[in-house]
Amino acid sequence: MTNSINEFQNAECIFVIGSNTTEQHPEIGARIIEAAKKGAKIIVCDARSIRLVKYAAVHIKQRNGTDIALLNGIMNVIIQEDLYDKQFVAERTENFDALKTLVAKYTPEYVSKITGVPADDIIKAARIYATHKKSMIAYAMGITQHICGVDNVKTVANLAMLTGHVGMESTGVNPLRGQNNVQGACDMGGLPNVFTGYQKVTDEPVCQKFEKAWGVTGIPRKVGKTVTDMLAMAHKGELKALYIMGENPMMSDPDTKHVEDALKHLELLIVQDIFPNETTALAHVVLPGCTFAEKDGTFSNTERRVSRVRKAIEPIGESRQDWQIICDLAQRLGYPMKYSSWADILREINELTPSYAGITPERLETGFGIQWPCPNKDHPGTPYLHKGKFTKGLGTFVPCEHIEPNEVPDAEYPLTLTTGRVYWHYHTGSMTRRTNLLERECNQNFVEIHPDTAKSLNVRNGETVIVETRRGSIEIPTKITDEIVPGLIFVPFHFTEAKVNLLTNPAHDPVGKIPEYKVCAARIRKKG
Amino acid sequence: MKLIRKQNILPWLQSLGQDREVWAPILNGNGDLLFQQIHEGPICYDLKPMISCRRILFPQEEKLFEVQTDGTIIAKPDTTKRVLFGIRSCDAKAIVFTDMFFSKNFQDAYYESRRKNALLITLSCHDPMPTCWCNTLGTGPFLDKDFDLQLYPVQEDAFLIAIGSDAGKSALEASASLFEEMPDLQAKARIEALKDATLLKFAKNIDFAQALELAKERKISPKVYDKYSEECLACGGCAFVCPTCTCFDVREFTETGIITRCRQWENCFFEGFTKEASGHNPRRRFADRIARRFEHKLTFEPKNNHMVGCTGCGRCTIYCITKIGMHRFAELATTIK
Amino acid sequence: MSTVLTTCPYCGCGCGFYLHTEHNKLVGVTPSQEHPVSRGTLCVKGWNAHEMVHHPERLKYPMIRENGVLRRASWEEALDFTARKLQEIRDKYTTESIGFFTSAKVTNEENYVMMKLARGVFLNSNIDHCARL
């Protein structure tokens, strides 16, 4: 997030796209409701009638996979009606002309044809977003999980820059991170292209710095492979060993059959986790890690706040803190990786990572964490980014064209399938499905269908049907609701009994490598 | 009447702590107020903690019994002796309510054991939160009974003490040298003055009395619950911080052949709370379940047990993720017809 | 009973809460009132975050697959086996035939050492996690 969670309640306009905020980020959802009650205008772009719709000034139900067209349409109106921030565009951005040229053809009428959204709603949303000073955008996986995920994100950024809604309190582009430490995993260089703090692996001085600090030579100067690539390599027999820590690709990755084949091809699959799951079932070695309650360290939340995780109990059974397991392994591989505690590791991170330099173990002992960038020990942390200047200098508009999803409904597969989470469960369900109350509230998977769609298929509420795509099929009970648009169906991915990722399309964004979970063509058949 | 100087309270509690645990509202280094043991930090006399002593008498998670592999059943109710210090009148009244719940149709051995081993030292309230309404319910800010000892902060550095039971009396006698004496008439006048001053501090923006009356007469519009259900995100927090909520769920699990039965806090807002084994749910709509919660507390408890199921502590609003709770209910109940 | 301030293991909001423990068992959760995100509140997952920690199905010891089934192993054996196999694969093929999935669930420090293992020990940039999933 460019901005902070506590800025939502003071916003005048909140533009929510591809996020079921009250269910997936309840604390942020609650703040959006608080803002709405104080008079803020809420714009919700979602084909499902999520809770926030009750507070929305405009509800846009764009066809899944047409976000770029929608956002370009909104920018078209803003430019047409001269509502953009000319001073901001002139002083802080570049490439505006290219944006202007590209969005010129995305008139509300044209966009309406692509997205199915009435032109008036596009105009209304554009006016509300542009004319308020404190306008925030919040988005989540609804924006990123598309073959054009990266372009979607760029287009969101274009909109914020066009209206100057960046670099001030209660503005900005705010991706809501879905996991407790997905921000931290990225910050720590758990990505193929960067070290900690997004220092590039292709940058020679950076590599030398890490080589010197670690006492090694030969760190590769090239970008490694992504999850998606590595699974494809395993499938082809090019990847021989995989070390998976705290992940369950057999549930979380698209096209489960493909994932299973890929993992079965490996000569060595090491899985380090807290519970047995679909992935440990295929492992050659299983190493028991600890839960958050048994370890010390830090997590970084979606607003870049680095805060303490503290050990409350001793590890269960023989389980060990994950860092200790890795260090023991490195030791056996002939590399002396010795730390006496989490704090030792954080100190090394402080030294090697400019944005984390001032976030020291000592400073985290009291209080509730520090938001990076925090370049030194006296720096208070940064609640919002890009104040006065972008990191790279001028912000560049990167205009993007709409592209159709990889797989669109046709005569054979006439419905659109989208996936996500429910309030009661979390990701692949390893933890929440082992929590009595949460499992009781929602213990089986379901497919949400609009009453009209259900009628045309002659299926009843609660009836077990077969949902199929070109990749597989699952049996699943229906949940008929008018909170979804006709023709669209929604299935959560928490449930191993009806794995929706057997159905999803592994087609992915060429740059971000993010799979298109949010759109694929599907059909529903009656059972028997 | 007995009087104790503030600086003597800790020594007094420490001496009481020689043969038992002493719990009080403790302000920690992060500014959070939790009900903890007195050795964990400084006692806070001015604010009430987020979760009352409920966590001690009725824990969030409690093992009921174990069945060993040979069929032997081991049940060990908690017999730890405790002093619960600094309880507000709303929370003490809530203990009266939970006493009734856990003994009315059956005697709950686990609650009973914790309860009878607890000495209650209440602290009369002099600074209500903006969402407090004990003044309307008659459950505060001071108590006339239902405590072992009650402290009144009549001056900056000293508290008057009322004795409510023999156990309370002996708790004073053990450290007699720490207490001073104030003539009864003078003490009564000081307490009355404090009470009058405190009553003036309650927020008056919502007519709780009217809301309660409407609820008792079952005249709440269904639209109130519809509106409330739009604003509630079902976090369950209101029931978890509520000092009178007594509902729990029971679960069992087996590990190395030993079966354990536990109980844990529950919230009547959840669908599974009212869902029947057949799958039928008499309170299928969220708004119906919300109605059930407020009706239970404000309509049926007064009717069946002559106690309102709410003591006006105001926590369900302050610690609600969307800041609704009883406060918002009363606001809606008195404005939506 | 003791209390420890920590950070919620679920979504990216990063709420602060206290874990209550009794005899090395977690017995409850109280949100931090002063924490800038939680402000004395949590969602239903946070309020129940302690429970899964003691679930009987927790992985409690290392396991190695033998004749198609996973059997219990000591840490020594499991780590020796893992290290030996990784070395064999690196020697037989290339280091790039090894991949590392780090995790959005573990701490920053753990992500850092996993990254160091991949890049510093295996001289390999094939490291990623489920940020995209």
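Colleague: What makes the lining of the second largest pocket divide into 15 nonpolar, 14 polar and 17 charged residues?

Modeller: The division follows residue type, because Asp, Glu, Lys and Arg count as charged, and in this predicted model the lining of the second largest pocket then has 17 charged residues beside 15 nonpolar and 14 polar ones. Among the residues closest to the centre of that pocket are Lys479(A), Glu483(A), Glu271(B) and Arg289(B), and Trp424(A) is listed with them, out of 46 that line the pocket.

Colleague: Which elements supply at least two residues each of that lining, and which gives the largest share?

Modeller: From chain A these are α1 (21-24), α18 (436-441) and β17 (473-480), and from chain B they are α9 (222-231) and α12 (286-305). The largest share comes from β17(A), with four residues, while the volume of the second largest pocket is about 1,900 Å³.

Colleague: Why is the pair of Glu401(A) and Lys105(A) called a salt bridge?

Modeller: The closest N and O atoms of Glu401(A) and Lys105(A) are 2.9 Å apart, and the limit for a lysine nitrogen and a glutamate carboxyl oxygen is 4 Å, so the pair qualifies. The pair links distant parts of the chain, 296 residues apart, with Glu401(A) in the loop between β13 (395-396) and β14 (415-420) of chain A and Lys105(A) in the loop between α5 (96-104) and α6 (108-115) of chain A. Over all chains, the structure holds 71 salt bridges.

Colleague: How do you know that Arg72(C) and Glu318(A) meet in a salt bridge?

Modeller: The N to O distance for Arg72(C) and Glu318(A) is 2.8 Å, which is within 4 Å, and the partners are an arginine and a glutamate, so the rule is satisfied. Across the interface of chain A and chain C the rule finds nine salt bridges, and the count of residue pairs in polar contact there is 65, both residues being at pLDDT 80 or more. On the side of chain A that touches chain C, helix α15 (residues 322-332) gives the most, with nine residues, and by class that side has 76 nonpolar, 40 polar and 30 charged residues.

Colleague: How many residues of chain A and chain C are in contact, and what area is buried between them?

Modeller: In chain A 146 residues are in contact with 99 residues of chain C, and the area buried between the two chains is about 10,800 Å², of which carbon and sulfur atoms give 64%.

Colleague: What makes Glu51(C) and Arg251(B) a salt bridge?

Modeller: The closest N and O atoms of Glu51(C) and Arg251(B) are 3.5 Å apart, and since the limit is 4 Å, this arginine and glutamate pair therefore counts. The count between chain C and chain B is two salt bridges, and 17 residue pairs are in polar contact across that interface. On the side of chain C that touches chain B, β3(C) gives the most, with six residues, and by class that side has 12 nonpolar, 11 polar and four charged residues.

Colleague: What is the area buried between chain C and chain B, and which three residues of chain C supply more of it than any other three?

Modeller: About 2,400 Å² is buried between these chains, with 52% given by carbon and sulfur atoms. Of the area that chain C buries against chain B, Met1(C), Gln33(C) and Trp47(C) supply 26%, more than any other three residues. In terms of contact, 27 residues of chain C meet 30 residues of chain B.

Key: Residues are numbered from 1 along each chain as its sequence is written. Chains are lettered from A and ligands numbered from 1 in the order in which they are written. This is a predicted model: local features need pLDDT of at least 70, side-chain atom pairs count only at pLDDT 80 or more; totals for chains, interfaces and linings use all residues. Side-chain values use heavy atoms; hydrogens and water are left out. Contact means heavy atoms within 4.5 Å. Buried area is the accessible area (1.4 Å probe) that two parts lose on being put together, summed over both. A salt bridge is a side-chain nitrogen of Lys or Arg within 4 Å of a carboxyl oxygen of Asp or Glu. A polar contact is a pair of N or O atoms within 3.5 Å; within protein, one must be able to donate a hydrogen and the other to accept it, and residues adjacent in sequence count only if both atoms are side-chain atoms. On a 1 Å grid over the protein atoms alone, a cavity is a set of points where a 1.4 Å probe fits but cannot get out, and a pocket is an open set with protein on both sides within 12 Å along at least five of seven lines; lining residues have an atom within 4 Å of a point. Grid points are joined across faces, edges and corners, and a volume is the space filled by probe spheres set on the points.
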